[in-house]
Amino acid sequence: VCLASGAAGGGPAAAALPGPAAAASAAASAACERAGGPLYGVVRARGGRILARVGRRTLRARPSPRIALPSGVYGVSWAFSPGCDAVALGGYRGRVELVDLERGRRMRAASLGGRSTVSHLAWPRPDRLMALAGPFDSPRAVTVSVPGGQVVTSRRIGGRPWATETTPLGIAILAAPGDRIGAATLVRADSDGGMLRVPLPRIRAGFDEVGPLRMARQITPGLAVDAAGGRAYVVAATEPLVAEVDLASGAATYHEVRRGGELGGGALAAKGLAFGAFRTARWIGDGTIAVSGEVTRRLRTVTRIDPYGLRLIRTGDWSATILNPLLKSFAVAQDVLLGMNGEPAALAGAGATGLLAYGIDGRRRFARLGGAGRAWLRDVAWPYAYVREISPRRTLVVDLRNGRTVGETGPRRPPVLLVP
């Protein structure tokens, strides 16, 4: 098992990303997500939390298996084994719990040390698990053996992790300073303990406090990984710029994004009493990166939050298309992009969007729940999306194949779904 915990340091030469490894990773993920396959969740129960199979339409725990979880393991992070017959659950104080899904029992716990939460897990090989753990400002990439649970390697990533993605060989981490705005670094941590660092001087990221009132500024770029192609893409949060990184060699190339990638006609300066620029990105195949996010500005007592919208960046010509200007986040389920903004946007005259679905070709599939003002997209597990409403307190189940609401779960809190 290889785990990333919270340190920074150099590493051996980068290993190549073989095609078979990427193909095997993609095949394992597809097997875990197969239609009609089991869906697992961390469910509240008497005496604590349990790991159980849950019904996709009801979100209720099924009679078996129901595996009691120790205190501090809430489904903060998780990773399925390459064969999808086991799952690793990250918890507080550096704890990782291994669960055998076929036998319905806990296997072993691994301790990564420290008091912080294991924030990211990856299981690239049957005998190696990876995670990020340790202090948030200085996590380590830790390698742990499976099923023994012994720590094999532990290396500092160098900086605070602002975004992470799983790769066929381990974890890609976007690191940057935790006490200032500075240049980002893409870190590739591998299951054999290897580490590759790629400085990205043109991508700004980080956190600082400015002025006599110590108001905060934060810049968080987006990170997307094309596992099959062996590429990572870092989407700048304050200008229309993408860094493309070869995960085998570490070579970085910058691309200016045309049409729809602009931010108010140019780069946004991270200035003012309070400022935050946040991006999320996802590789969705066919040479396309989906991107969303928001920009927050505060001047004295007035705070303005502007959605970046949901956009598609085509890597063939580095053009961008805006699918919807009001979305601040999105989810992906097979070939469907989903977004929902239940809060009135700062843009003049804008309000709640309802649940919106688009194909990866950019065409809108459906729009539902337009009247759900205090609601958000809680989770997605094909073929359903789960929308949580505040009043009345309930979870609506929406069929992604046709946009119809096919059920609701009532006021109880839904489980944490373990979706690969």
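How many nonpolar, polar and charged residues does the lining of the second largest cavity have? The points below take up this question after a word on the model and its sheets.

1. The structure is a predicted model, and the remarks that follow should be read in that light.

2. One open sheet consists of four strands in the order β4-β3-β2-β35, and its pairing is antiparallel. Strands β4 (61-68) and β35 (416-418) are at the edges with a single partner strand each, so one side of each has no neighbour in the sheet. On average, and with direction ignored, neighbouring strands here are turned by 35° against each other. Within this sheet, β3 (residues 48-54) pairs with β4 in the antiparallel sense over four bridges. Ile 50 has Ala 68 in β4 as its bridge partner.

3. A further open sheet is formed by four strands in the order β5-β6-β7-β8, again with antiparallel pairing. Its edge strands, β5 (77-80) and β8 (105-111), each pair on one side only. The average turn between neighbouring strands of this sheet is 20°, direction ignored. Strand β7 (residues 95-100) is joined to β8 by antiparallel pairing over six bridges, and Val 96 stands opposite Ala 110 in β8.

4. As general background, strands of a sheet pair through backbone hydrogen bonds, in either a parallel or an antiparallel manner.

5. Strands β13 (residues 160-167) and β14 (residues 170-176) offer another antiparallel pair, with seven bridges between them. The connection from β13 to β14 is a hairpin through two residues. Glu 165 has Ala 172, in β14, as its bridge partner.

6. Is Arg 311 buried or exposed? This residue belongs to strand β25 (residues 310-314). Its relative accessibility is 9%, and because buried means under 20%, Arg 311 counts as buried. The side chain of Arg 311 also reaches the backbone oxygen of Tyr 308, at 2.9 Å.

7. Regarding empty space, a search of the whole structure gives two cavities of 30 Å³ or more. The second largest cavity holds about 30 Å³ of space. Its lining is made up of Leu 59, Arg 378, Asp 379, Tyr 386, Thr 395, Pro 414, Pro 415 and Leu 417. One of these, Leu 417, falls within the range given for the edge strand β35 (416-418).

8. The opening question can now be answered: the lining of the second largest cavity has five nonpolar residues, one polar residue and two charged residues.

Notes:
Residues are numbered from 1 along each chain as its sequence is written. This is a predicted model: local features need pLDDT of at least 70, side-chain atom pairs count only at pLDDT 80 or more; totals for chains, interfaces and linings use all residues. Side-chain values use heavy atoms; hydrogens and water are left out. Buried means under 20% relative accessible area, exposed over 50%, partly exposed in between (1.4 Å probe, protein chains only). A polar contact is a pair of N or O atoms within 3.5 Å; within protein, one must be able to donate a hydrogen and the other to accept it, and residues adjacent in sequence count only if both atoms are side-chain atoms. On a 1 Å grid over the protein atoms alone, a cavity is a set of points where a 1.4 Å probe fits but cannot get out, and a pocket is an open set with protein on both sides within 12 Å along at least five of seven lines; lining residues have an atom within 4 Å of a point. Grid points are joined across faces, edges and corners, and a volume is the space filled by probe spheres set on the points. Ala, Val, Leu, Ile, Met, Phe, Trp, Tyr, Cys and Pro count as nonpolar, Asp, Glu, Lys and Arg as charged, and the others, Gly among them, as polar. Two strands pair if DSSP finds at least two bridges between them. Axes are lines fitted to C-alpha atoms, for helices over the stretch in contact, and angles run from 0 to 180 degrees between N-to-C directions.
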